[in-house]
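Reader: I have just opened this model and would like a close look at a single part of it. Please choose a strand-rich region, and walk me through how its pieces are paired and how its side chains meet.

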Amino acid sequence: MANEEEEESPTELNTINSSGGFLIVSPDKLSLKYTGAGQHGHDVGVVQANKPAPFKRHAYYFEMYVKDAGVKGRFSIGFTTDNFKTGRHPGWELNTCGYHGEDGLIYLGKRQGEAFGPAYTTGDTVGAGINYDSQEFFFTVNGTLVGTVSKYIKGPLFPTVAVHSRNEEVTVNFGLEKFAFDFKGYEVSERNKQQIAIEKTSIPPNMNYRLVKNYLLHFGYEETFQAFNLATKSTVPPIYFAQEDGVEVQDTAYALNERKILRQLIGKGEIDAALAKLRDCYPQLVQDDTSEVCFLLRCQKFIELVRIGALEEAVKYGRVELAKFIGLNVFQDIVEDCFALLVYERPQESNVGYFLEASQREVVADAVNAAVLSTNPKHKDRSYSHLETLLRQLMACCLEQRLLNDGQGESLSLNRLLKNNNCKRIKKSD
């Protein structure tokens with residue numbers, strides 16, 4: 001996901017699951033006032049948000065403004081689970097966490113609090129958040145970060161606020177209004193910490209250059225490879241591909257010239273010439289007329305006919321060549337989408353218009369390139385470049401990390417990482 005995954009966020013207080021006998025919630029469900037006597041530990045006026053904190057992101061945060069400290073200022077803010085017993089402060093019960101205003105203590109699932117931060121009272125704004133990357137709760141007072149504690153609670157957590165003495169009144173902000181704390185800046189700072197940690201990782205000399213060269217060779221970009229090789233000769237020590245740590249590395253130059261020609265032909269939309277080249281050099285890839293390679297090239301031929309407006313010829317070609325793949329489940333949807341191009345007066349503006357973009361030719365060229373590489377008797381199982389392999393491993397590690405954290409935290413977004421790095425370079429150049 002380039003952006004945060006779609007999740008519902010808390011928007012108001014949940015008046016159904018609250019200790020209603022001890023408080024009044026305002027009509028907009030964003031303020032509450034204590035109306036009880038506050039004589040016992042079970043007389044707390046507590047209310048959860050209407051939804052749990054979203055967790056498929058880097059962090060979540062909300063705030064509480066103390067409008068009136070009442071008689072004793074015994075309010076609190078924190079997080080609780082869906083089976084939380086109302087009538088108790090967050091932090092007093094198992095699987096809850098709460099930062100209390102009367103004494104500045106933090107309570108982590110038991111009645112004994114721990115020294116944490118300053119007490120807060122009338123006019124103060126206190127905030128509570130979850131950092132899913134570090135697996136920590138964090139709290140703020142008047143826009144300043146107070147501290148963090150380990151997020152030891154599993155499962156969905158509800159933002160929760162409580163009042164506990166007569167006339168105490170607080171207002172909550174779930175992000176509809178500007179926060180006192182610079183939450184966006186906090187997220188940027190936390191991501192920068194990650195980036196700094198990554199940048200401190202030791203990388204063997206020439207590794208980046210080797211990855212780039214392997215990538216260019218793997219995809220058959222011979223001319224770019226030669227230009228890159230020439231440009232780095234004077235600045236980078238020689239790179240040897242024959243051996244790496246005593247293990248024979250992939251022969252990435254296999255069939256380089258043929259792969260380069262095939263990529264050029266497909267890139268220009270000359271599909272018949274690409275098929276002829278495959279029949280001459282790698283007949284085993286096209287001898288099965290319903291193979292994946294044949295399917296992709298036949299579809300691309302159909303697309304090229306639509307591109308130049310040869311619709312009559314496209315219909316004839318589709319009836320003969322694409323009809324072979326109708327009924328094959330693995331290809332059915334793509335065949336239908338290809339034929340859909342004929343329906344639109346301006347197919348490039350339709351929901352299947354992506355077929356007519358240059359990137360579609362790249363997709364086909366990459367697939368054909370991979371098929372040719374699979375004919376290498378020494379490395380039939382090397383379907384990916386070293387860079388792709390690293391990225392796949394990174395994705396697997398990130399997914400595993402999220403599983404260990406009950407699916408919490410951001411999913412890996414290469415677009416976001418690249419955007420952040422580009423912004424850093426621009427700032428440095430300024």
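Author: Happy to. A word on naming comes before anything else: helices (H or I, at least four residues) and strands (E, at least two) are DSSP runs, numbered from the N terminus. Counted that way, the protein has 11 helices and 16 strands. Please keep in mind that this is a predicted model. Of the 430 residues in the protein, 45% are buried. Among contacts between residues at least 6 apart in sequence, 65% join residues at least 24 apart.

The part I would choose is an open sheet of seven strands, with antiparallel pairing and the order 2-3-14-5-10-11-12. Its edges are strand 2 (23-25) and strand 12 (144-150), each of which pairs on one side only. On average, and ignoring direction, neighbouring strands of this sheet are turned by 20 degrees against each other. As a reminder, strands of a sheet pair through backbone hydrogen bonds, either parallel or antiparallel.

Now let us go inside the sheet. Strand 5 and strand 10 (residues 125-131) run antiparallel and are joined by seven bridges. One residue to locate on your screen is Tyr60, whose bridge partner in strand 10 is Ile130. A helix belongs in this picture too: helix 1 lies across strand 5, strand 10 and strand 11, and runs at about 145 degrees to strand 5.

From here the aromatic side chains are a good guide. A search of the whole structure finds 25 aromatic pairs. One of them is formed by Tyr61 and Phe179, edge-to-face, at 5.0 Å centre to centre and with 85 degrees between the planes. That pair links distant parts of the chain, 118 residues apart: Tyr61 is in strand 5 (residues 59-68), while Phe179 is in the loop between strand 14 (169-173) and helix 1 (183-199). Are the two rings' residues buried or exposed? Tyr61 has a relative accessible area of 2%, so it is buried. Phe179, at 17% relative accessibility, also counts as buried, because the cut-off is under 20%.

A second edge-to-face pair is made by Tyr99 and Phe139, with 5.6 Å centre to centre and 65 degrees between the planes. Tyr99 lies in strand 7 (residues 97-100) and Phe139 in strand 11 (residues 136-141), so this pair ties together parts that are 40 residues apart in sequence. Tyr99 is buried at a relative accessible area of 0%, and Phe139 counts as buried at 0% relative accessibility.

Returning to Tyr61, there is a wider group to show. Ring pairs link Tyr61 with Phe138, Phe179, Phe181, Phe183 and Tyr186 into a cluster. Another ring, that of Trp92, has a charge for company: the charged end of Arg111 sits over it, 3.8 Å from the ring centre.

Strand 7, the home of Tyr99, leads us on to strand 6. These two strands pair in the antiparallel sense over four bridges, and Ser76 stands opposite His100 in strand 7. Strand 6 is also joined to strand 13 (residues 158-163), by five bridges and again running antiparallel; there Ile77 stands opposite Val161. Which way do the side chains of strand 6 point? Ser76, Gly78 and Thr80 point one way, Ile77 and Phe79 the other way, and all are buried. In a regular strand the side chains alternate between the two faces of the sheet. Five of the five residues of strand 6 (residues 76-80) are buried, so the strand is largely enclosed by the rest of the structure.

Let us finish back at the seven-stranded sheet, in the loop between strand 11 and strand 12, where Asn142 is found. Asn142 has a positive phi of about 50 degrees although it is not a glycine. At 42% relative accessibility, Asn142 counts as partly exposed. Elsewhere, Ala255 also has a positive phi of about 50 degrees without being a glycine. Ala255 lies in the loop between strand 16 (247-248) and helix 4 (256-267), and at 13% relative accessibility it counts as buried.

Definitions and conventions:
Residues numbered from 1 in each chain as written. Predicted model: local features only at pLDDT ≥ 70, side-chain atom pairs only at ≥ 80, totals over all residues. Heavy atoms only, no water. Phe/Tyr/Trp six-rings, centres within 6.5 Å; stacked < 30°, edge-to-face > 60°. Buried < 20%, exposed > 50% of the residue type's maximum accessible area, 1.4 Å probe, protein only. Lys NZ or Arg CZ within 6 Å of the ring centre and 35° of its normal. Contact = heavy atoms within 4.5 Å. Pairing = 2+ DSSP bridges. Axes fitted to C-alpha atoms, helices over the stretch in contact; angles between N-to-C directions.
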